[in-house]
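The following exercises concern the contact between two protein chains and the aromatic rings found in the model. Each task is followed by a worked solution.

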Number of protein chains: 2
Amino acid sequence: VIERLGAPLAEPIFDELAIIGVGLIGSSIARAARRRNAARRIVVADHTVATLERAKALALADVVTDDPARAVSGADCVILCVPIGAYGAVGRAIAPALRPGTIVSDVGSVKSAVISALEAALPGHARLAPAHPVAGTEQSGPDAGFASLFVNRWCILTPPEGADEQAVTKVKAFWEALGSHVEIMGAAHHDLVLAITSHVPHLIAYNIVGTAADLEEVTRSEVIKFSAGGFRDFTRIAASDPTMWRDVFLHNKDAVLEMLGRFSEDLTALQRMIRRGDGDGLFALFTRTRAIRRGIVAEGQETAAPDFGRRAAETDEPVT
Amino acid sequence: VIERLGAPLAEPIFDELAIIGVGLIGSSIARAARRRNAARRIVVADHTVATLERAKALALADVVTDDPARAVSGADCVILCVPIGAYGAVGRAIAPALRPGTIVSDVGSVKSAVISALEAALPGHARLAPAHPVAGTEQSGPDAGFASLFVNRWCILTPPEGADEQAVTKVKAFWEALGSHVEIMGAAHHDLVLAITSHVPHLIAYNIVGTAADLEEVTRSEVIKFSAGGFRDFTRIAASDPTMWRDVFLHNKDAVLEMLGRFSEDLTALQRMIRRGDGDGLFALFTRTRAIRRGIVAEGQETAAPDFGRRAAETDEPVT
């Protein structure tokens with residue numbers, strides 16, 4: 001699958017797009033929107049001086065500012081790309097500066113809590129259209145972003161009750177311009193789906209890396225040397241941004257605890273199979289899980305290449 | 001890191017190398033040994049007709065046979081590349097055909113059980129030198145193998161008490177010829193180290209994929225679509241060979257249960273932090289795990305590239 005952005009749009013979707021928070025996701029949106037001509041002007045804001053300097057050096061936007069209110073004052077669409085714990089404060093900061101009817105969207109990995117926070121903070125005239133692009137890498141910051149991050153990935157929109165239809169349609173068109181497939185669902189269902197496909201996987205990856213780091217019988221050097229046996233895949237996930245993930249777990253508590261409970265029950269059953277030497281039970285599970293993998297590769301959400309290019313650079317000519 | 005095999009050796013390490021089992025690992029050894037001239041002749045055996053046909057078509061060896069006794073009869077080194085549960089039967093099958101002093105090695109992911117099985121099955125004159133190359137992909141079979149699989153990976157030797165020193169030295173030289181770094185340790189310690197760096201990671205990956213597959217509230221199609229949020233990394237591991245992994249868990253039971261117990265205790269503590277809203281505790285763990293990741297990348301056991309080449313093919317020219 002070659003994943004490319006299309007040619008620039010003849011007519012931009014937004015006149016002025018304000019992106020609040022210019023890390024991995026915010027900077028990727030800025031790059032992709034520019035490349036696709038999805039917004040006539042792009043303004044970015046961030047509260048970290050070093051991040052702003054990089055955003056300027058990378059020429060990510062027409063205007064780079066540390067003032068979120070200034071950033072949104074001329075925008076017809078605002079996208080929040082900050083950790084979920086900051087939504088309340090950012091919402092209150094931009095509220096007085098929003099023009100009537102401005103679309104306010106976001107990229108947060110949790111949606112019910114986000115909608116509550118924004119509905120409380122924003123003026124009634126703001127048109128709320130929350131979104132969650134299911135894409136990312138374990139890296140952080142404006143240098144880590146790239147324009148094709150969202151190509152062939154799914155973006156989930158979770159319009160709240162009474163959402164403005166035109167706003168949702170425009171946000172949908174925007175994500176499609178960035179190469180994404182768009183699905184619309186309720187916020188509560190989103191939070192349950194993401195708990196199992198994203199939040200719990202991150203939690204158990206963080207957990208096993210912590211368990212390994214605390215062992216006395218096995219040195220850290222041994223854990224690192226022999227990580228190619230499977231462990232290293234977990235460390236990649238467990239290198240993701242700590243602030244973002246802390247906020248995800250604090251704001252999707254119920255769904256995460258529910259899915260974690262099921263995971264733990266299933267793990268206890270597996271532990272029992274090992275203790276009893278139930279080889280048939282283990283084999284049955286290990287065979288069943290291959291079908292899900294095939295589905296993911298078939299749907300283009302993963303490369304089928306073994307080892308994700310960790311495979312040695314050398315070509316492997318047939319041995320004669 | 002460009003990972004290349006060196007030039008062919010002037011003098012092979014073994015005269016005749018017999019490889020029993022020609023799947024991902026066995027076929028990769030055959031390819032690499034041929035490319036490096038690490039053995040003058042290579043014989044491979046397998047009990048599956050389709051695998052033998054592929055081994056012949058790929059020209060993996062000088063001799064391809066379905067008879068393990070015939071395969072080892074002229075060998076000065078035999079490497080077992082079969083699931084651990086088959087070691088007893090294969091050991092008994094080859095025992096009468098081994099020439100005096102033949103080195104018998106293997107590639108099993110568990111070492112204590114392997115040594116017991118082989119010491120019981122093999123004649124006293126066989127020189128046992130078990131090995132475990134910590135390398136692999138989630139794919140199986142002779143077509144999945146490649147010559148550079150072991151380059152820059154660690155291979156652990158676990159010589160049993162009273163092992164022949166020259167045999168261990170030759171097996172060490174062989175794995176170094178295939179590009180590996182070699183470490184020597186006791187079998188019990190190996191089994192503990194691999195339980196945390198490989199076996200438990202595989203177990204929890206299989207487990208979460210099973211949990212996701214069984215949900216009623218979230219459809220399988222949703223799990224597949226939104227897997228880019230983290231889940232897909234687990235499905236890769238959970239696509240590994242079911243027979244091999246069943247045997248690993250049955251034969252490294254004690255170490256796996258010990259490490260699984262610690263993982264579960266830590267997960268319970270994390271669950272409690274989420275329930276109580278302990279953001280500082282979550283943040284502290286999520287920050288600490290990044291250090292292990294940095295070690296793995298610094299040691300060349302992982303690429304630092306984000307997303308392992310899942311990143312879109314498009315180059316990301318700076319936006320101007």
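**Exercise 1. Describe the extent of the interface between chain B and chain A.**

Step 1. In this predicted model, 126 residues of chain B are in contact with 125 residues of chain A.

Step 2. The two chains bury about 12000 Å² between them, and carbon and sulfur atoms give 63% of this area.

**Exercise 2. Identify the polar interactions across the interface, and determine which parts of chain B supply the side that touches chain A.**

Step 1. Ten salt bridges are found across the interface of chain B and chain A. One pair of side chains that meets in a salt bridge is Arg293(A) and Glu138(B), with a distance of 3.8 Å from N to O. This pair satisfies the rule because the limit is 4 Å between a side-chain nitrogen of Lys or Arg and a carboxyl oxygen of Asp or Glu.

Step 2. In addition, 32 residue pairs, both members at pLDDT 80 or more, are in polar contact across the interface of chain B and chain A.

Step 3. Several elements of chain B each supply at least two residues of the side that touches chain A, including α1 (24–36), β8 (154–157), α7 (187–213) and α12 (279–298). The element that gives the most is α7(B), with 20 residues.

Step 4. Sorted by class, the side of chain B that touches chain A has 60 nonpolar, 31 polar and 35 charged residues.

**Exercise 3. Classify two aromatic pairs, and locate the residues that form them.**

Step 1. Over all chains, the structure holds 15 aromatic pairs.

Step 2. In the pair of Trp154(A) and Phe226(B), the centres are 6.0 Å apart and the planes stand at 85 degrees, an edge-to-face arrangement. Planes over 60 degrees apart count as edge-to-face.

Step 3. This pair crosses between chains: Trp154(A) belongs to strand β8 (residues 154–157) of chain A, and Phe226(B) to the loop between α8 and α9 of chain B. Both Trp154(A) and Phe226(B) are buried.

Step 4. For Phe234(A) and Phe234(B), the ring centres are 4.9 Å apart and the planes are at 80 degrees; therefore this pair is edge-to-face. Because Phe234(A) lies in helix α9 (residues 231–237) of chain A and Phe234(B) in helix α9 of chain B, the pair joins two chains. Phe234(A) and Phe234(B) are both buried.

**Exercise 4. Which residues do ring pairs link into a cluster?**

Solution. The cluster consists of Phe14(A), Phe150(A), Phe174(A) and Trp175(A), linked by ring pairs.

Note on methods
Residues are numbered from 1 along each chain as its sequence is written. Chains are lettered from A and ligands numbered from 1 in the order in which they are written. This is a predicted model: local features need pLDDT of at least 70, side-chain atom pairs count only at pLDDT 80 or more; totals for chains, interfaces and linings use all residues. Side-chain values use heavy atoms; hydrogens and water are left out. Contact means heavy atoms within 4.5 Å. Buried area is the accessible area (1.4 Å probe) that two parts lose on being put together, summed over both. A polar contact is a pair of N or O atoms within 3.5 Å; within protein, one must be able to donate a hydrogen and the other to accept it, and residues adjacent in sequence count only if both atoms are side-chain atoms. Helices (H or I, at least four residues) and strands (E, at least two) are DSSP runs, numbered from the N terminus. Ala, Val, Leu, Ile, Met, Phe, Trp, Tyr, Cys and Pro count as nonpolar, Asp, Glu, Lys and Arg as charged, and the others, Gly among them, as polar. Rings of Phe, Tyr and Trp (its six-membered ring) pair if their centres lie within 6.5 Å; planes under 30 degrees apart count as stacked, over 60 as edge-to-face and the rest as tilted. Buried means under 20% relative accessible area, exposed over 50%, partly exposed in between (1.4 Å probe, protein chains only).
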